[in-house]
Amino acid sequence: MTNIVLCGIGGQGTVLASKLLAAAGMKKGYTVQSAETIGMAQRGGSVFSHLRMGAADEEVSSPMIALGTADILIGFEPGETVRLLPYLKPDGQVITASRSVMPVTAALTGGSYDGADMLRYLEDNVRNLSVVDTETALAELGNPKVTNVLLLGYAAESGALGLTAEDLKEALKERLPEKLWDVNFRAIDYAKKA
């Protein structure tokens, strides 16, 4: 059983990323259960997904992942990654974007938010951490909207998902219009050259 938590803020494609992983897993014959909690997603609020994948003969009784049991946490925003860290098991893997986005709550209340502090916290508290330089990657890819697929590519490359880049591309073909394939395929493959 592989337990995956994905998190970000509204507009970053967290739910799409979860659906791509679920589709890729089902296509490989895995039993898959998923659930999303979207909250204030349309207003830039917190969004996270739970995704559980097991072998075809393995029963996946619930989509919800218990605290301390996620094998991999994929974070599209560092603060959200820190917030969902309690779901990660002690030897679990975190793949997070370096680019921070001020949460709506901080913006509305005039509070402060420093993504660099969040990244330092992750570096100090996560043994198996990959921080993806999303600013550089997105500039090279020429599209700021592929952070979600970029991080899925890194997760596939890590081996933690049990899915390959090709598995992700096949799922993407079934979910997105053809005009979006090229940039998303390049985002998936970006991890191979990093």
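**Exercise 1.** How many nonpolar, polar and charged residues does the lining of the largest cavity have?

*Solution.* The structure is a predicted model, in which local features need pLDDT of at least 70 and side-chain atom pairs count only at pLDDT 80 or more, while totals for chains, interfaces and linings use all residues. Residues are numbered from 1 along each chain as its sequence is written, and side-chain values use heavy atoms, with hydrogens and water left out.

Begin with the term: on a 1 Å grid over the protein atoms alone, a cavity is a set of points where a 1.4 Å probe fits but cannot get out, and lining residues have an atom within 4 Å of a point. The lining of the largest cavity consists of Q12, F76, A97, R99, V101, T134, L138 and T147. Next, sort these by class, where Ala, Val, Leu, Ile, Met, Phe, Trp, Tyr, Cys and Pro count as nonpolar, Asp, Glu, Lys and Arg as charged, and the others, Gly among them, as polar. The result is four nonpolar, three polar and one charged residues.

**Exercise 2.** Is R52 buried or exposed, and which side chain does its own side chain join in a polar contact?

*Solution.* First locate R52, which lies in strand 3, residues 46–54 (strands are DSSP runs of E, at least two residues, numbered from the N terminus). R52 has a relative accessible area of 15% and is therefore buried (under 20% relative accessible area, with a 1.4 Å probe and protein chains only). Finally, the side chains of R52 and N3 are joined by a polar contact of 2.7 Å (a pair of N or O atoms within 3.5 Å; within protein, one must be able to donate a hydrogen and the other to accept it, and residues adjacent in sequence count only if both atoms are side-chain atoms).

How values were computed:
On a 1 Å grid over the protein atoms alone, a cavity is a set of points where a 1.4 Å probe fits but cannot get out, and a pocket is an open set with protein on both sides within 12 Å along at least five of seven lines; lining residues have an atom within 4 Å of a point. Buried means under 20% relative accessible area, exposed over 50%, partly exposed in between (1.4 Å probe, protein chains only).
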